[in-house]
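Grab a pencil and keep the viewer open. We'll work through a few exercises together, each with a solution.

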Amino acid sequence: MTNTLHRYGNAASFQDDYVVFAIQCRGKNDVGALPKLKKFLEMALAFQPVNLGDARHGGAVRPERNLNPLVHWKRSTRPDFRAVIDGLDAPTTVAAVFDNREAAANFVQALKEADLGLSINISTSVDGAEQCCHAAGLRRHSVGYSLGFEGKTERLPAAEVLMLSTMCGHSMISASLAGKMIDWVREGRRTPEEAAACLSRFCSCGVFNPCRARRVLEEARRRKPGNTVL
Amino acid sequence: MRISPNRCVACGNCTYVCPTGAIYIDPAIKRATIDRDECVECYTCFHGMSQEHLNPTLVRALRGLSHFFRLRFDPEPDVCPTAAFEPEELSWPRVVRRAFSDPRVPHESTGVEGRGTEEVKTNDVSGRVQVGEVGFTIEFGRPGVGVRFHEIERMTQALARIGVAFEKKNPVTSLMSDTTAGAIREDILNEKILSAIVEIKAPVERIEEVLRVVREVEKQIDTVISIGVSTRCDEDGEDNVVGAALERLGYRPERAKTNIGLGRVTNPQPEPVGELR
């Protein structure tokens, strides 16, 4: 599951994208992991995350199975962090997403002091993660680099679409929907916040960054269709 | 997955939602229809879309009226108004599609939700990749292109020919009929999935050789590939080997996943067995 590694963009475009996640190792520290994973999520609240999630139930803005028809006139885009924490019912990967390095670094510092015993990873630019570690007085244990996309890249959509759709590394956010949301924001049919919430509901492990998505949508609104971001 | 023709009102919302573009409105029946060969059973349509449970006849009448007067109805784009999606019981080999496409389904072979394994995310506990070693994750098909197993097999066979070892706790490896040849079982070769990750490990000296093979094969297959390269940092938390080697090969990694080393073994360990007397 390399679900946060291959986000599309250059290092500068990850300035507001810091994903910190906790994972248990099968057979090594998975016994009694559930309360520790919940504690991870609880601790993250103090540092104003922009999303929380787990790999079984999704993020803080979720689809609903029984919508009221009036929802078309007023639909909430507010994240429900409490639902994520309370809904975690089995050990799985949990994540907290931040829109600034200071918050991510402070959270990492708090995790170091809490000593949960779980593996903690930071997914962001190479330098951004290194700086978080330095700020928390930690040395990196391992690093996994993304070399980006290769092969038949002509089958990929425009850069701004990719920046949105790859924020769900499992490809649950389709390029068609991301492109549609860019168009709708451009046409004034949805605000960037509404469009970001719409996309966020499809991310099945809660690592989508609605703050970065809003920025990408705002930038795309002012750009001529077909132009790329990078 | 199937769409109930009795419930579908052809609103078209799901046609945008499908990651592989397998859903379209069939003009002959005026209902959303799934191209079963392209569908990867990711369940995005079923799980990702919110549902209303409106009366299909009423919705069709209102939509028809709006269409007649050329009124643009502006509904929420991620809603199925009549809850028309109906999951099917999948049998072999089609069930493989869901295992590799729906991240909510844990792989039996790994117990991890998603398509891969713990990789270096738990390296501080598992010790999977040691100093002097490089872990490769070669992911096929994402974002949103998809891949068939016969395309993956071309890569695994090429990698097997240079003698690299496939990660045992990996879903693709678990479906190989011969790991030494990189052969994948025949009955799934034409199954299309959203993505799959091949994991290998090699000595750091072989980075260039492995990446050269990947680059050669990726030209021959009709999908996209995303490559991850991982390594253990030194005692100072630095990587002066793999990052530098990648730069020499022309790569400029922008993003990384960094394990910060806070994990440890906490499970009760079995009592050591004493010597038999």
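What follows is a short set of exercises on this predicted model.

Two housekeeping points come before we start. Residues count from 1 along each chain as its sequence is written, and chains are lettered from A, ligands numbered from 1, in the order in which they are written. Since the model is predicted, local features need pLDDT of at least 70 and side-chain atom pairs count only at pLDDT 80 or more, while totals for chains, interfaces and linings use all residues.

**Exercise 1. Work out what confidence scores the model and chain B carry.**

Step 1: The model scores ipTM 0.94 and pTM 0.94.
Step 2: For chain B, the average pLDDT (the predictor's confidence in each residue, from 0 to 100) is 92, and 94% of the residues score at least 70.
Step 3: Where pLDDT is low, don't read the predicted coordinates in detail.

**Exercise 2. Check the length of helix 6 of chain A, then find its buried residues and what covers them.**

Helices (H or I, at least four residues) and strands (E, at least two) are DSSP runs, numbered from the N terminus.

Step 1: The expected span is 1.5 Å times one less than the number of residues. Helix 6 of chain A has 13 residues (175-187), so it should span 18 Å, and its end C-alpha atoms are indeed 18 Å apart.
Step 2: Call a residue buried if 20 or more other C-beta atoms, placed from the backbone, lie within 10 Å of its own. In helix 6 of chain A, that gives A175(A), S176(A), L177(A), A178(A), K180(A), M181(A), I182(A) and V185(A).
Step 3: The cover over these buried residues includes helix 5 (159-165), helix 7 (192-200) and helix 8 (210-221) of chain A, plus helix 1 (13-17) of chain B.
Step 4: Just after helix 6 of chain A comes G188(A), with a positive phi near 80°.

**Exercise 3. Describe how chain A meets chain B.**

Step 1: Count contacts, meaning C-beta atoms, placed from the backbone, within 7 Å. On that basis, 80 residues of chain A touch 83 residues of chain B.
Step 2: Strand 5 of chain A supplies the largest share of chain A's side, 10 residues.
Step 3: Now look at the strands. Strand 4 of chain A and strand 15 (residues 255-259) of chain B run antiparallel, joined by 5 bridges; pairing takes at least two DSSP bridges.
Step 4: Finish at S125(A), which stands opposite R255(B) in strand 15 of chain B.

Key:
A residue is buried if 20 or more other C-beta atoms lie within 10 Å of its own, exposed if 12 or fewer, and partly exposed in between; C-beta atoms are placed from the backbone. Two residues are in contact if their C-beta atoms, placed from the backbone, lie within 7 Å.
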